[in-house]
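Here are a few warm-up exercises on reading a fold. Try each one with the viewer open before you peek at the solution.

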Amino acid sequence: MTALVVGLGDPARGDDGVGFAIARAVAARALPGVSVLVRRDPATLLDLWCGHAPVVVVDAVRSGAAPGTTHRLVVGPGQPPLPAGSWASSGRGTHAFGLAAVVELARALHRLPEQLVVIGVEAASFGHGDPLSDPVRQAVPAVADLVVELLSEEVPSHVPR
Amino acid sequence: MTHKLTDGGRVLQVGTLARVEGEGAMRIAFEGGDVADVHLRIYEPPRFYEAFLRGRAHTEPPDITARICGICPVAYQTSACWAIEDACGVVVPEEVRLMRRLLYCGEWIESHALHVFLLHAPDFLGYDGAIEMATDHPDVVELGLRLKKAGNALMELVGGRSVHPVNVRVGGFYRFPAAAELRAFRPELERALADALTAVSVVSGFEFPEFEQPYEYVSLRAETGYPIEVGSVVTSAGTAFPVSEFAERIEERHVPHSNALHARLVGGDAPYAVGPLARYSLNSDRLSAVAREAARDAGLGDTCRNPFRSIVVRAVELVEACHEALRIIDGWTDGTAPSVEVPPRAGEGYGASEAPRGTLFHRYVLDAAGIIRDAQIVPPTSQNQASVEADLRAMAATWSDLDDHALQHRCEHAIRNYDPCISCATHFLDLTVERS
């Protein structure tokens, strides 16, 4: 199985572009056996990640931490759900069918990859047409390093039930 | 949230409606056991589309107005193209109409699949949402996801991408997909047709409240086939008029509690309804044999007046859209130009098409250079707002004994019968300041 890295977000919305920026930084390293993709719609993950392991998803997050802070969560089967509030993903409408909702839908449908790590980069703002904020832009190389590191190590897939 | 009133009444206030497109709220006031007031409040901020279309080139509305909605961009593109072409006096070739219809089938499939399975089915099966429902009914959710994916794929094939397609232009398309590309998509569409037939039998097994409403139905009716991308207007009262008369026949009014305009038919004060029930009731004779048979097996008559059964009609329309897409693909031959020139001229033009949630009207006024001087967009959700409120008023009266949680759930279910797209409907009043 090939590894998969997905950058989520929208590069036209300020720090929501951080997933794209990191995915591009990882892709630039041309790692053998690693697919790197960018997507705006998290719902596409349901099909996208089938048959891949490990899978690393990078997205902007708002949990109240300092902008640029990196969160790393193992989200495989048997793991607790993503904190929905932080992932802009209440699942309330369908325009906001976010990552946390997709993970839970995939879990219910047994479509969650065995090895899935979600990396969240704390965002400062999501202004229309804005570039990445300084702290988020400065975090990109280190997060790309982290993704590469995750791909090369054994990603824990299960915690004992 | 509820407030008990000192006189024994209560007010149910739902701050944010779930599983609808966009941001809306609802307020119902009871006095004793009677419903005193019902407001569907659309508080999503105004978006100023009609204002910022003024001054733009006549080639721009398909791309600009597509951005009004991520779920039904093809409806906006299609109505906009017809209206601009009408203003310029251009009639596009039949191939362009067919390709618009094919693209539109993709949108119906993805939009209806989303609404039927992920938004509306949880109401009937007793879940808070699709995620909760997926644990117990994974087959139902998988069916919906598969259909939605087929719709998205068709939009990508014809439109270049599934959200806000990029291949549509005034006068036609930038490129027609080759017949071979279209034929290669057949197996996925055949599977989607089978899934859609399954969908009809799944949703027709749901339980429906006994409830019928006497609204006047308004829909397009085409010369042939079920109305999707084109037609003229017909109503259940027997009125018929060309799309070019919609601005005289339909009146939009501002109501204080909503950022969406309410629409009424001129000369009548009762609400009217657009959308699947209206389309079906005015055009069930135009369905393909396979869709008609599915409708009959689902227990639908020639017309349907129960808003809760709209989920069954949407499923029948899924069958129709899959079948129609296959028919267009099978008849497609290469070799025609994908577009015609649409040179600008001064004038006014009208366009309409059947968005998944109902008739969408566009009107543009151009100057001789093709610059837009006026624009009017009448989306289905604003036309349905009064019916939604009337449904809530009628139903809430019979539900006054329910506790708040149950009442809220029933009311949200009733709103979702219309698959409202609040983002589309958001509008803004003209502000006049009088000083003395």
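## Exercises on chain B

Chain B has 15 helices and 15 strands. Keep in mind that this is a predicted model.

**Exercise 1. Work out whether the radius of gyration of chain B agrees with that of a compact globule.**

Solution.
- Start with the chain length: with 436 residues, a compact globule would have a radius of gyration near 22 Å.
- Now compare: chain B comes in at 21 Å, which agrees.
- For a feel of the extents, look along the principal axes, where the C-alpha atoms of chain B fill a box of roughly 70 × 65 × 40 Å.

**Exercise 2. Describe how α11(B) and α12(B) pack.**

Solution.
- Find the two helices: α11 of chain B covers residues 289-297, and α12 of chain B covers residues 310-331.
- Take the geometry next: their angle is about 165°, and the axes sit 9 Å apart.
- Angles over 145 degrees count as roughly antiparallel, so that is the label for α11(B) and α12(B).
- As for handedness, this crossing of α11(B) and α12(B) is right-handed.
- Then list who touches whom: α11(B) brings B:Val290, B:Ala291, B:Ala294 and B:Ala295, while α12(B) brings B:Val316, B:Val319, B:Glu320 and B:His323.
- Sort them by class, and the contact of α11(B) with α12(B) has 6 nonpolar, 1 polar and 1 charged residues.

**Exercise 3. Do the same for α13(B) and α14(B).**

Solution.
- These two helices, α13(B) and α14(B), pack at about 145°, with 9 Å between their axes.
- The crossing of α13(B) and α14(B) is right-handed.
- On the α13(B) side you'll find B:Val388, B:Asp391, B:Leu392, B:Met395 and B:Ala396; they meet B:Arg410, B:Cys411, B:Ala414 and B:Ile415 in α14(B).
- By class, the contact of α13(B) with α14(B) splits into 7 nonpolar, no polar and 2 charged residues.

**Exercise 4. Which elements of domain 1 of chain B touch domain 2 of chain B?**

Solution.
- Set the bounds: the assignment for chain B gives domain 1 as 2-45 + 388-425 and domain 2 as 49-385.
- The C-alpha centres of these domains of chain B are 27 Å apart.
- Their contact takes 25 residues from domain 1 of chain B and 27 from domain 2 of chain B.
- On the domain 1 side, the elements giving two or more residues are β4 (34-42), α13 (380-398), α14 (404-416) and α15 (422-425) of chain B.
- The largest share of that side, 5 residues, comes from α13(B).
- Sorted by class, the domain 1 side in chain B has 13 nonpolar, 4 polar and 8 charged residues.

How values were computed
Residues numbered from 1 in each chain as written. Chains lettered and ligands numbered in written order. Predicted model: local features only at pLDDT ≥ 70, side-chain atom pairs only at ≥ 80, totals over all residues. Axes fitted to C-alpha atoms, helices over the stretch in contact; angles between N-to-C directions. Helix = DSSP H or I, 4+ residues; strand = E, 2+ residues; numbered from the N terminus. Parallel < 35°, antiparallel > 145°, perpendicular 65-115°, else oblique. Left-handed = near helix turned anticlockwise from the far one by under 90°. Contact = placed C-beta atoms within 7 Å. Nonpolar A, V, L, I, M, F, W, Y, C, P; charged D, E, K, R; others polar. Domains from an automatic or database assignment. Rg over C-alpha atoms; globule rule 2.2 N^0.38 Å.
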